[in-house]
Amino acid sequence: MKEATKWIVRIRADLRCEYCGVHQRQCRYTHHIEHVEAIANGGSPDNPDNLALACHRCNLAKGARKMALDPLNDVPMLLFHPRLHTWETHFRVDASGYIEGLTPTGRATVSALKMNASVRLMERGRVSL
Ligand SMILES: [Zn+2]
């Protein structure tokens with residue numbers, strides 16, 4: 001992937017994970033350029049429309065998955081897609097950094113990506129300079 005493409009993705013995301021919202025400065029590890037649709041599933045390897053900025057925890061938890069169970073009723077739902085969905089429609093974050101899924105897709109994504117694990121809450125709670 002060209003470095004210029006990586007910077008398009010980073011700047012578009014304002015250096016925040018497009019899933020959990022954590023800023024690069026709040027994380028110990030460099031955010032990943034993630035393929036929303038995995039290459040193994042036919043996703044483009046370098047089209048910015050198939051790329052998102054993801055913290056390492058969201059990226060590793062998501063893997064190549066496109067779906068996960070809505071914890072409310074165990075129905076399989078599509079995961080949040082940063083290029084097709086609007087974050088505020090699917091999630092809400094409170095002052096402590098806790099992310100609530102507002103829709104079946106939001107709930108499935110919060111659960112699958114373990115967005116509210118204690119280490120995640122601590123990262124989001126760090127002051128972003
Ligand atoms: Zn994240």
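This tour moves through a predicted model, stop by stop, with a suggestion at each stop of what to select.

**The zinc site**

Begin by selecting the zinc ion together with Cys17, Cys20, Cys55 and Cys58, whose SG atoms are its protein donors and lie 2.3 to 2.4 Å from it. If you display the angles among the four donor atoms, you will find values of 103 to 116°, and the site is tetrahedral. Along the sequence, the donor residues follow the spacing C-x2-C-x34-C-x2-C. The pair Cys17 and Cys58 links distant parts of the chain, 41 residues apart, with Cys17 in the loop between α1 (3–12) and β1 (32–35) and Cys58 in helix α2 (residues 56–62). Are these two cysteines buried or exposed? Cys17 counts as buried because its relative accessibility is 3%, under the 20% cut-off, and Cys58 is likewise buried, with a relative accessible area of 1%.

**The loop between α1 and β1**

Stay in this loop and select Asp14, which lies between α1 and β1 and has a phi near 55°, a positive value in a residue other than glycine. Its side of the picture is open to the probe, in that Asp14 is exposed, with a relative accessible area of 53%. Now add Leu15, which belongs to the loop between α1 and β1 as well and has a positive phi near 65°, again in a residue other than glycine. Leu15 is partly exposed, at a relative accessible area of 32%. Why look twice at such backbone angles? Most residues other than glycine have a negative phi.

**Strand β1 at His32**

Next select His32, which lies in strand β1 and is partly exposed, with a relative accessible area of 25%. Which residues does His32 touch, leaving aside its neighbours within four places in sequence? Its contacts are Ala52, Leu53, Ala54, His56 and Asn59. For a reading across the chain, set a distance between the C-alpha atoms of His32 and Lys6, which are 26 residues apart along the chain and separated by 9.3 Å.

**Helix α4 and what covers it**

Move on to helix α4 (residues 104–112), and colour Thr105, Gly106, Ala108, Thr109, Val110 and Ala112, which are buried. To see what covers these buried residues, show the surrounding elements, which include α2, β3 (67–70), β4 (75–78), α3 (87–90), β5 (91–93) and β6 (99–101). Just after α4, select Lys114, where the backbone takes a positive phi of about 50°.

**The two largest pockets**

For the largest pocket, which has a volume of about 300 Å³, select Arg16, Cys17, Cys20, Gly21 and Trp87, the residues nearest its centre among the 19 that line it. Two of these names, Cys17 and Cys20, will be familiar as donors of the zinc ion. By residue class, the lining of this pocket divides into nine nonpolar, four polar and six charged residues.

The last stop is the second largest pocket, in which about 180 Å³ of space lies. Select Val36, Glu37, Lys62, Arg65, Lys66, Leu78, Leu79, Phe80, His81, Leu84 and His85 to display its lining. How many of these lining residues are nonpolar, polar and charged? The lining of the second largest pocket divides into five nonpolar, two polar and four charged residues.

How values were computed:
Residues numbered from 1 in each chain as written. Predicted model: local features only at pLDDT ≥ 70, side-chain atom pairs only at ≥ 80, totals over all residues. Heavy atoms only, no water. Donors = N, O, S within 2.8 Å, 3.2 Å for Na, K, Ca; no water. Tetrahedral: all angles 85-135°; square planar, octahedral: opposite > 155°, others 65-115°. Helix = DSSP H or I, 4+ residues; strand = E, 2+ residues; numbered from the N terminus. Buried < 20%, exposed > 50% of the residue type's maximum accessible area, 1.4 Å probe, protein only. Contact = heavy atoms within 4.5 Å. 1 Å grid on protein atoms, 1.4 Å probe; cavity = no way out; pocket = protein on both sides within 12 Å on 5 of 7 lines; lining within 4 Å. Points joined across faces, edges and corners; volume = space filled by probe spheres on them. Nonpolar A, V, L, I, M, F, W, Y, C, P; charged D, E, K, R; others polar.
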